[in-house]
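Open the model in your viewer and keep the selection panel at hand. The stops below go one selection at a time.

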Amino acid sequence: MGHLSNDEFFAKLVDLFDSAKGKDHGSIVLTQKRLSYDQPLPEPTDDTVPSDLHPPRPLPILIRATNGKGKEDRKANKKIKLSTVVAPDSLPAFFERYAEICKQGMGSLKPRDRSKRKGKAKKKSKTAATTA
Amino acid sequence: MPYYEASQEWLRQSALLLEARPSTTRITTAYHLTNKTGSSKKRQMRRQQQQEQLQTATAATASSPAPRASLTIKTYDPHSGTCLKYRTTKAAEVSRLILSLGQLGRNMAALPTDTDAAIADAGVAEEVGTPGTEKAEGRGSTGGNTGAKGQIQTQPQTQTQTQTHTQVQTQGQGQTGGGGGSGGKGKKKRGKK
């Protein structure tokens, strides 16, 4: 499967997170790595220093997302695989949107617990009232 | 490899790993939904019993409990076999973790990182900062009699001793500042009454 454009990837990622919503099991796996396939890299001039440490120009990043299905589910066409390539210049914008989508998609994580702080505040106000 | 306790430590180690092997290292973020937090059968039985009790007690709100999830971040380099992990269940951390993935993405893409710039700035600040303190000391010593004594003492002494001298001076300033702060507190209390 070819790579999607960044916008298409985000749209399908939202669908992927939505499909996991309300279920009590399952997983979503996101991966990122440098896109080194089919990229021109200079021949190593020195054997002691690998040529990939200081490339002449920034390289793109490959982002993948799957629903973690395999084996039987793969045969039943239930496995979803998405991938996109992010250009070095659009990295900050991409990750801002990525973070927003992940935050909304991962709704089953434990929300911030505010009950404790409220309890403390109430106690404080009570003690203040008794002393005053 | 074990899980890191702090996400900051995971981020630091991952940045180091990426620096060493930028082409082969990959970062995997896994979001797992699960309705059980433990795998032991005893624990599962106990939880089931508790849930049944809860459901009988509060029949009105008998909806099943919200599913629990966890987020695991793993940095793995297949060449060296290095694996760095961090796990969380808190929704509040998601945004920060994904943005730190973006930071690491800069390392992957071989872009100049923000942290490098910050370190360079800090280095410049330090260089500027040291002569600044010396100047301050000079001003202080020209002030009163005690200051003049200090000047006489510092001239033959080594650099480390002059540093301790500046420390004493700053401490003195801190004390006066503290006094002012306590005064402010007192005023606040009066205002309350």
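The tour starts with chain A, moves to its contact with chain B, and ends inside chain B. Bear in mind throughout that this is a predicted model.

**Stop 1: chain A as a whole**

Select chain A and colour it by secondary structure. You should find 4 helices and 3 strands. Trace the chain from the N terminus: the order is α-β-β-α-β-α-α. Chain A has 132 residues, and 17% of them are buried. Now consider the contacts between residues at least 6 apart in the sequence of chain A: 62% of these link residues at least 24 apart.

**Stop 2: helix 1 against helix 3 in chain A**

Select residues 6-20 of chain A, which form helix 1. Add helix 3, residues 91-105 of chain A. The two axes come within 10 Å and cross at roughly 10 degrees. Angles under 35 degrees count as roughly parallel, so helix 1 and helix 3 of chain A are roughly parallel to each other. Show side chains at the contact. Helix 1 of chain A brings Asn6(A), Phe10(A), Leu13(A), Val14(A) and Phe17(A). Helix 3 of chain A answers with Phe94(A), Arg97(A), Ile101(A) and Gly105(A). By class, the residues of this contact are 6 nonpolar, 2 polar and 1 charged.

**Stop 3: Tyr98(A)**

Stay on helix 3 of chain A and pick Tyr98(A). Is Tyr98(A) buried or exposed? Tyr98(A) has 25 C-beta neighbours inside 10 Å, so it counts as buried. Next, draw a C-alpha to C-alpha distance from Tyr98(A) to Phe9(A): it reads 10.0 Å, though the two are 89 residues apart in sequence.

**Stop 4: the side of chain A that touches chain B**

Bring chain B into view and select the contact. It takes 35 residues from chain A and 34 residues from chain B. On chain A, strand 1 (26-34) and helix 3 each supply at least two residues. Which element of chain A gives the most? Strand 1 does, with 9 residues. Colour this side of chain A by class: 20 residues are nonpolar, 7 polar and 8 charged.

**Stop 5: strand to strand across the chains**

Select strand 1 of chain A with strand 2 of chain B, residues 26-34. These strands run antiparallel and are joined by 8 bridges. For one of the pairs, pick Lys33(A): its bridge partner in strand 2 of chain B is Arg26(B).

**Stop 6: helix to helix across the chains**

Return to helix 3 of chain A and add helix 3 of chain B, residues 94-108. Their axes come within 9 Å and cross at roughly 155 degrees. Angles over 145 degrees count as roughly antiparallel, so that is how these two helices lie. The crossing is right-handed. Residues from chain A here include Leu91(A), Phe95(A), Tyr98(A) and Cys102(A). Among those they meet in chain B are Val94(B), Ile98(B), Leu101(B) and Arg106(B). The residues of this contact divide into 10 nonpolar, 3 polar and 2 charged.

**Stop 7: strands of chain B**

Hide chain A. Select strand 3 (residues 68-77) and strand 4 of chain B: they pair antiparallel over 7 bridges. Lys74(B) stands opposite Lys85(B) of strand 4. The two strands form a hairpin with 4 residues between them. In the turn, Gly81(B) has a positive phi of about 80 degrees.

Finish by adding strand 1 of chain B, residues 3-4. Strand 1 pairs with strand 4 (residues 82-88) in the parallel sense, over 2 bridges. Pick Tyr4(B) to find its bridge partner, Tyr86(B).

How values were computed
Residues are numbered from 1 along each chain as its sequence is written. Chains are lettered from A and ligands numbered from 1 in the order in which they are written. This is a predicted model: local features need pLDDT of at least 70, side-chain atom pairs count only at pLDDT 80 or more; totals for chains, interfaces and linings use all residues. A residue is buried if 20 or more other C-beta atoms lie within 10 Å of its own, exposed if 12 or fewer, and partly exposed in between; C-beta atoms are placed from the backbone. Two residues are in contact if their C-beta atoms, placed from the backbone, lie within 7 Å. Ala, Val, Leu, Ile, Met, Phe, Trp, Tyr, Cys and Pro count as nonpolar, Asp, Glu, Lys and Arg as charged, and the others, Gly among them, as polar. Two strands pair if DSSP finds at least two bridges between them. Axes are lines fitted to C-alpha atoms, for helices over the stretch in contact, and angles run from 0 to 180 degrees between N-to-C directions. Angles under 35 degrees count as roughly parallel, over 145 as roughly antiparallel, 65 to 115 as roughly perpendicular and the rest as oblique. A crossing is left-handed if the near helix is turned anticlockwise from the far one by less than a right angle, and right-handed if clockwise.
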